[in-house]
Amino acid sequence: MVAPRKLSLTALIVGLAIVLGGAARICNLADQSTTRDELLTTGTSIPADANDSGQPVDLVHVISNNLFYGTHPPAYPVMMFGVTRVFGTSLTAIRLPSVLFSVASIGLVYWLGLITGQRVPGCIAA
């Protein structure tokens, strides 16, 4: 029989950092103020005094609006269009991708340390 591999101390520390980072990121997620960018990319209503020309209603409009009139590539608005169609436009749903990407970046930093042969510095950076 082969004994199961023991987790290294650095992997355990990174796992703990991922859990704590995720908990810190989720804490009071819906209580934070809303920015104009969050509202513009999700199709939620904007106050009348904001002088907005209208909200994207379909995927073609989101892509063409960002390609021809925006200053940034349309990947984020397209992703947020899909998120709001699947999960709705609540503040928690709007901020869910941010939470997932921030938690994944902790593991990514550690993984980059592993593939460069710097396990302990990768752990400290994560």
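# Helix packing in a predicted model

Helices H4 and H5 are oblique to each other. The axes of H4, residues 75–87, and H5, residues 91–115, cross at roughly 120° and come within 9 Å. Because the angle is roughly 120°, the pair falls outside the 65 to 115 degrees of a roughly perpendicular arrangement and is not over the 145 degrees of a roughly antiparallel one, and is therefore classed as oblique. The sense of this crossing is right-handed. On the H4 side the contact is formed by Met79, Met80, Val83 and Phe87, and on the H5 side by Ala93, Ile94, Leu96, Pro97 and Phe101. The contact of H4 with H5 comprises 9 nonpolar residues, with no polar and no charged ones.

## The chain as a whole

The structure is a predicted model. The protein chain contains 6 helices and 0 strands, and its order along the sequence is α-α-α-α-α-α. Of the 126 residues in the chain, 23% are buried. About 8800 Å² of the protein chain is exposed, and 68% of that area comes from carbon and sulfur atoms. When contacts between residues at least 6 apart in sequence are considered, 50% join residues at least 24 apart.

## Helix H1 against helix H5

Helix H5 also packs with H1, residues 9–26, at an angle of about 160° and with the axes 9 Å apart. H1 is therefore roughly antiparallel to H5, since an angle over 145 degrees counts as such. The crossing in which H1 passes H5 is right-handed. H1 brings Thr10, Ala11, Val14, Ala17, Ile18, Gly21, Gly22, Arg25 and Ile26 to the contact, while H5 brings Ser98, Val99, Ser102, Val103, Ile106, Gly107 and Tyr110. By class, the contact of H1 with H5 holds 9 nonpolar, 6 polar and 1 charged residues.

Thr10 of this contact also serves as a reference point for Pro121, from which it is 111 residues away along the chain; the C-alpha atoms of the two are separated by 9.7 Å. Pro121 belongs to helix H6, residues 119–125. With a relative accessibility of 43%, Pro121 counts as partly exposed, because that value lies between the limits of under 20% for buried and over 50% for exposed.

## Helix H3 against helix H4

Helix H4 has a further contact, with H3, residues 59–68; the axes of H3 and H4 come within 9 Å and cross at roughly 160°. The pair is therefore roughly antiparallel. H3 passes H4 in a right-handed sense. Leu59, Val62, Ile63 and Asn66 of H3 meet Pro77, Val78 and Phe81 of H4. In the contact of H3 with H4, 6 residues are nonpolar, 1 is polar and none is charged.

Pro77, which takes part in this contact, can also be related to Asn65. The C-alpha atoms of Asn65 and Pro77 lie 9.9 Å apart, with their positions 12 residues apart along the chain as the sequence separation. Asn65 is located in helix H3. The relative accessible area of Asn65 is 25%, so the residue is partly exposed.

## Packing geometry in summary

Two packed helices are described by the angle between their axes and the distance between the axes. These values are tabulated below with the crossing sense.

| Helix pair | Axis angle | Axis distance | Crossing |
|---|---|---|---|
| H1 and H5 | about 160° | 9 Å | right-handed |
| H3 and H4 | roughly 160° | within 9 Å | right-handed |
| H4 and H5 | roughly 120° | within 9 Å | right-handed |

Methods: Residues numbered from 1 in each chain as written. Predicted model: local features only at pLDDT ≥ 70, side-chain atom pairs only at ≥ 80, totals over all residues. Heavy atoms only, no water. Axes fitted to C-alpha atoms, helices over the stretch in contact; angles between N-to-C directions. Helix = DSSP H or I, 4+ residues; strand = E, 2+ residues; numbered from the N terminus. Parallel < 35°, antiparallel > 145°, perpendicular 65-115°, else oblique. Left-handed = near helix turned anticlockwise from the far one by under 90°. Contact = heavy atoms within 4.5 Å. Nonpolar A, V, L, I, M, F, W, Y, C, P; charged D, E, K, R; others polar. Buried < 20%, exposed > 50% of the residue type's maximum accessible area, 1.4 Å probe, protein only. Areas by Shrake-Rupley, 256 points an atom, 1.4 Å probe, with all protein chains shown as cover.
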